[in-house]
Amino acid sequence: MGYSNPPISWSEFERALSTGRRPGAPPVGADGGDSPAWSNKRMPYVPVAEALEAATPVIPYAELHAHSNFSFLDGASSPEQLLEEAKRLGLHALGLTDHDGFYGIVRMAEAAESYDIKTVFGAELSLGLRKPQNGVADPEGSHLVVLARGEEGYHRLAAALTSGQLTGQEKGRPTYDLEELAERAGGYWTVLTGCRKGAVRKALRAGASSASATAEVDRLIELFGHDNVVVELFDHGDPLASNDNDMLASIATSKGLRMIATGNVHYATPDQYRLATAMAAVRARRSLDELDGWLPASGSAHLRSGAEMATRFARYPGAIENTVEIADSHAFELRKVRPGLPKQDVPAGETDMSWLRKLVWQGAAERYPNLSVKDRARIERELDVIEQK
């Protein structure tokens, strides 16, 4: 199927790969926040019965590296779908690490309130981009996976993301300085050695030995601190995955670093693999046949239970247990970081809202003496929204 002239439209192709879709129906999860054409606002999250009835896990495990569909054309599942599947599998916590932003965390946090599962907030930062990467089969640069430790880490990471996006001055091309990131972290971030685009794994593949990868680990330790660097192990079915993980585990042991196992997750369930590959082809602007050489060796980038992860990574002691320890020290409820608004000084007999209404109508009368009925109704709606929120 060619990119420019497929036998069916891309929308039909995506619909065919998604489950439970009827012709003409809006995309799964479409709402006012993402697709204004479908509805005026996002409705409250409704828990899924299957997830609510999930069994208690035999082996506690926290997935700390997951991408949602807010990692544009990279993740294939919504934050809610990831959270529901994590709960169904009995995971202890879920960490959302979308590319260069906190775009999906509100949705995940809202869904998590319906389940007994902890939430960790992070991001995968794109370093060394010279231009936006849509249309590129294998994006340039390297990645740095960051997990925020509590509310303070969250605020520091939010500031770093904002700065990177503004400095880049181009959508899809954030710009970060690694030394500046380390200074912003202030000891409140945990950084993972990351995926194949992480500097450590890139060095591992480029070098004849582990020396170059060890040097990259040393650099992270120097910048972020020994206790804030964690070696990440994952396996997507690549023929060299086990060899890479063995070498990384050896580096972790020699440096006295913690290691964790992750799924490097890009979709919630195995059946979403086909949708993920189609989205990758759209991002790269290539047909699936043309992109085949850059696609993962298997459809393994989905969530797994603690028991399955423990079996897959049994040769690396502590890799599963450490995920729970890190999650417990990093997780918090997102609602706790809402800003504390200052107390307003209002006249006796007035509330903040009643005084605001008087000031608004006074200002409206002065600035717009000929307000129409429609304009007055709109002002009332705006004031009602302020009061409700």
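Buried means a relative accessible area under 20%, exposed means over 50%, and partly exposed lies in between, with a 1.4 Å probe and protein chains only. The model is predicted: local features need pLDDT of at least 70 and side-chain atom pairs count only at pLDDT 80 or more, while totals for chains, interfaces and linings use all residues. Residues are numbered from 1 along each chain as its sequence is written, and side-chain values use heavy atoms, with hydrogens and water left out.

**Stop 1: the whole chain**

Show the cartoon. The secondary structure comes to 15 helices and seven strands; helices (H or I, at least four residues) and strands (E, at least two) are DSSP runs, numbered from the N terminus. Of the 389 residues of the protein, 46% count as buried. Contact means heavy atoms within 4.5 Å. Among contacts between residues at least 6 apart in sequence, 75% join residues at least 24 apart.

**Stop 2: Arg88**

Select Arg88, which is found in helix α3 (residues 79–88). Arg88 counts as partly exposed, because its relative accessibility is 43%. Now pick Ala49, which is 39 residues from Arg88 along the chain. The C-alpha atoms of the two residues are separated by 9.6 Å.

**Stop 3: helix α5**

Select residues 150–168, which form helix α5. This helix has 19 residues and reaches 27 Å from its first C-alpha to its last, close to the 27 Å expected at 1.5 Å a residue. The expected span of a helix is 1.5 Å times one less than its number of residues.

Show the side chains next. Which residues of α5 are buried? They are Gly150, Gly153, Tyr154, Leu157, Ala160, Leu161, Gly164 and Gly168. Look down the axis of α5: its buried residues fall within an arc of 130°, so they line one face of the helix. The arc is that of the directions from the helix axis to the C-beta atoms.

To see what the buried residues of α5 pack against, add the helices α4 (105–112), α6 and α13 (321–330). Then add the strands β3 (118–127), β4 (142–148) and β5 (189–192), which also pack against them. Before leaving, click on Gln169, just after α5, which takes a positive phi of about 60°.

**Stop 4: helices α6 and α8**

Two packed helices are described by the angle between their axes and the distance between the axes. Select α6 (residues 178–185) and α8 (residues 211–224), which pack at an angle of about 45° with their axes 9 Å apart. Axes are lines fitted to C-alpha atoms, for helices over the stretch in contact, and angles run from 0 to 180 degrees between N-to-C directions. The two helices are therefore oblique to each other; angles under 35 degrees count as roughly parallel, over 145 as roughly antiparallel, 65 to 115 as roughly perpendicular and the rest as oblique.

On the α6 side, the contact is made by Leu178, Glu179, Leu181, Ala182 and Ala185. On the α8 side, Arg219, Leu223 and Phe224 take part. By class, the contact has six nonpolar, no polar and two charged residues. Ala, Val, Leu, Ile, Met, Phe, Trp, Tyr, Cys and Pro count as nonpolar, Asp, Glu, Lys and Arg as charged, and the others, Gly among them, as polar.

Zoom in on Leu223, in helix α8. Leu223 is partly exposed, with a relative accessible area of 22%. Leaving aside its neighbours within four places in sequence, which residues is Leu223 in contact with? Leu223 is in contact with Leu178, Glu179 and Ala182. The C-alpha atoms of Leu223 and Ala182 are separated by 5.6 Å, with the two positions 41 residues apart along the chain.

Glu180 is also in helix α6, and counts as partly exposed at 36% relative accessibility. Its C-alpha atom is separated from that of Leu223 by 9.5 Å.

**Stop 5: two loop residues**

Go to the loop between β7 (258–261) and α10 (273–284) and select Asn264. Asn264 is not a glycine, yet has a positive phi of about 40°. Is Asn264 buried or exposed? Asn264 counts as buried, at 5% relative accessibility.

Then move to Arg285, in the loop between α10 and α11 (288–291). Arg285 has a positive phi of about 55° and is not a glycine. Arg285 is partly exposed, with a relative accessible area of 49%.

**Stop 6: helix α14**

Finish with residues 352–367, helix α14. At 1.5 Å a residue, its 16 residues should span 22 Å, which agrees with the 22 Å between its end C-alpha atoms. Met353, Arg357 and Ala364 are buried in α14. These residues cover an arc of only 45° around the axis, which puts them on the same side of α14. What covers the buried residues of α14 includes α15 (373–388).
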